[in-house]
Amino acid sequence: MKLLVTGGAGFIGSNFIFYELEQHPEDTVVCVDLLTYAGNLETLEPAFQNERFSFHKADIADRQAMDELFEAECPDVVVNFAAESHVDRSVTDPGIFLQTNILGTQVLMDACRKYNVQRFHQVSTDEVYGDLPLDRPDLFFTETTPLHTSSPYSASKASADLLVQAYHRTFGLPMTISRCSNNYGPYQFPEKLIPLMISRALANQSLPVYGTGENVRDWLHVYDHCAAIDLIIRHGKEGEIYNIGGHNERTNLEVVKTILRQLDRSETLIHYVTDRPGHDRRYAIDPAKITEQLGWKPKYNFDTGMKETIQWYLDHKPWWENIISGAYQEYYEKMYAGRE
Ligand code: NAD
Ligand code: DAU
């Protein structure tokens, strides 16, 4: 099988590429990524050692570039991770979220139709369901929970999901959608809560907790997300949506305190700052469908997963220090000088 993975130089996409190359030695993986601020080619260095892997720098919203890529590569399956992914950025600059997350998805689906791709998989998010109240721990998102978005980011992801479903119904596009909760693990861009707090705590800088820190996220190790997507593209039913989550709900304050404890830093570093506008209160996934129908079960529990993850950031300081300094953006030029 030949997989085309979009957004593979980002956090989850890169972990998915490593997963596929390792678990499916018969498959080849082509990555397309625009290398925006969130894309880091250095992350993919281990994949470049593998002859079953290749990389193209291009914009998923560029129709001509996608047509040329699909014609040259003829992928069997497309997995779309490429997106603007950070909620706070969508509050300050919504336009690029609509461009990449909605129009980019449309361009990819048109290419899938034109070049007879067997499966288009859209990587979506639990944020399309909006949020749950903090005082109703009995409530969870299921695949039939109505879409009810809060931020330009989540609205763009929900719009893309609707478009994917419309392409299935109208044109018969063979597709699946997955909606996962918050991921943590190696190679997450240090603007997101966990790597941001780790890098700042190590530098003894203040840790900006939004509002009261009582908002709840449902954390899943990125490995378990990748394993779930792998199952869906191989065994999931065409036209279906699958929620992915491991019942690891924690308040933001609990997560930050866990980090401080492991790094042996004082809680006095915590600094409460003005809340995110429209801040979702609680996310919580009901993963019954993927568990019962596809036999998916997470391998990590939050405590061991977090321990390993914090250790990973301690062991890979140059990776995130290069991002914070901006040096990672020179990597593509170095690696591809004279090749194009
Ligand atoms: P990320 O920001 O780390 O990576 C996104 C990648 O997409 C980057 O490599 C970037 O260069 C690339 N990209 C952006 N615009 C592009 C374009 N126009 N053309 C080609 N490539 C482009 O994001 P992530 O956290 O890895 O998220 C990946 C996907 O998973 C997103 O679709 C996101 O909505 C979804 N998701 C994320 C989480 C999470 O917790 N991070 C949870 C559920 C779903
Ligand atoms: O639920 C899945 C979503 O999880 C994905 O679709 C998004 O792409 C991904 O970015 C993530 O969204 P969140 O907004 O939940 O993640 P973030 O890491 O930005 O924030 C997690 C929580 O921590 C949230 O309640 C806001 C809070 N926070 C975040 C930052 C960056 C802080 O309190 N302080 C901060 O500095």
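In the residue classes used here, Ala, Val, Leu, Ile, Met, Phe, Trp, Tyr, Cys and Pro count as nonpolar, Asp, Glu, Lys and Arg count as charged, and the others, Gly among them, count as polar. With that in hand, let us walk through the structure, which is a predicted model.

A good place to begin is ligand 1. Around this ligand there are 28 residues, and those that come nearest are Asp 33, Asp 59, Ser 85, Tyr 153 and Lys 157. Two of these also make polar contacts through their side chains. An N or O atom in the side chain of Asp 33 is 2.6 Å from an oxygen atom of ligand 1, and a polar side-chain atom of Tyr 153 lies 2.6 Å from an oxygen atom of ligand 1. The backbone takes part as well: a nitrogen atom of ligand 1 has a backbone N or O atom of Ile 60 at 3.0 Å. Taken alone, ligand 1 exposes 830 Å², and the protein buries 97% of that area. If you want to trace the shell on the fold, look for helix H1 (11-23), strand E5 (119-125) and helix H6 (152-171), the elements that give two or more residues to the shell around ligand 1. Strand E5 provides the largest share, three residues. By class, the shell of ligand 1 has 14 nonpolar, 11 polar and three charged residues.

Now turn to ligand 2. Here the shell has 22 residues, with Thr 125, Asp 126, Tyr 153, Arg 276 and His 279 coming nearest. You have met Tyr 153 already, among the residues that come nearest to ligand 1. Three side chains are worth picking out on your screen. A polar side-chain atom of His 279 lies 2.7 Å from an oxygen atom of ligand 2, an N or O atom in the side chain of Asn 182 is 2.7 Å from an oxygen atom of this ligand, and for a polar side-chain atom of Asn 252 the distance to an oxygen atom of ligand 2 is 2.8 Å. On its own, ligand 2 exposes 690 Å², of which the protein buries 94%. Helix H7 (193-202) and strand E8 (207-210) each supply at least two residues to the shell of ligand 2. That shell divides into nine nonpolar, seven polar and six charged residues.

With the ligands covered, we can look at the empty space in the protein. A search of the whole structure finds one cavity of 30 Å³ or more. About 50 Å³ of space lies in the largest cavity. Its lining includes Arg 276 and His 279, along with Val 87, Glu 127 and Tyr 283. Arg 276 and His 279 are also among the residues that come nearest to ligand 2. By class, the lining of the largest cavity has three nonpolar, four polar and three charged residues.

The second largest pocket has a volume of about 260 Å³. It is lined by 14 residues, and Asn 15, Phe 18, Glu 22, His 221 and Tyr 223 are the closest to its centre. Helix H1 returns here: H1, helix H8 (222-235) and helix H11 (302-315) are the elements that give two or more residues to the lining of this pocket. The largest share, five residues, comes from H1. Applying the classes from the opening, the lining of the second largest pocket divides into eight nonpolar, four polar and two charged residues.

Finally, a word on the cysteines. How many disulfides does the structure hold? The count is zero. Cys 74 is in no disulfide, and the nearest cysteine sulfur, in Cys 112, is 12 Å away. For Cys 180, the closest cysteine sulfur is that of Cys 226, and at 9.2 Å the two are too far apart for a bond, because a disulfide requires a pair of cysteine sulfur atoms within 2.5 Å.

Technical notes. Residues numbered from 1 in each chain as written. Chains lettered and ligands numbered in written order. Predicted model: local features only at pLDDT ≥ 70, side-chain atom pairs only at ≥ 80, totals over all residues. Heavy atoms only, no water. Near = heavy atom within 4 Å. Polar contact = N/O pair within 3.5 Å; in protein donor to acceptor, adjacent residues only side chain to side chain. Areas by Shrake-Rupley, 256 points an atom, 1.4 Å probe, with all protein chains shown as cover. Helix = DSSP H or I, 4+ residues; strand = E, 2+ residues; numbered from the N terminus. 1 Å grid on protein atoms, 1.4 Å probe; cavity = no way out; pocket = protein on both sides within 12 Å on 5 of 7 lines; lining within 4 Å. Points joined across faces, edges and corners; volume = space filled by probe spheres on them.
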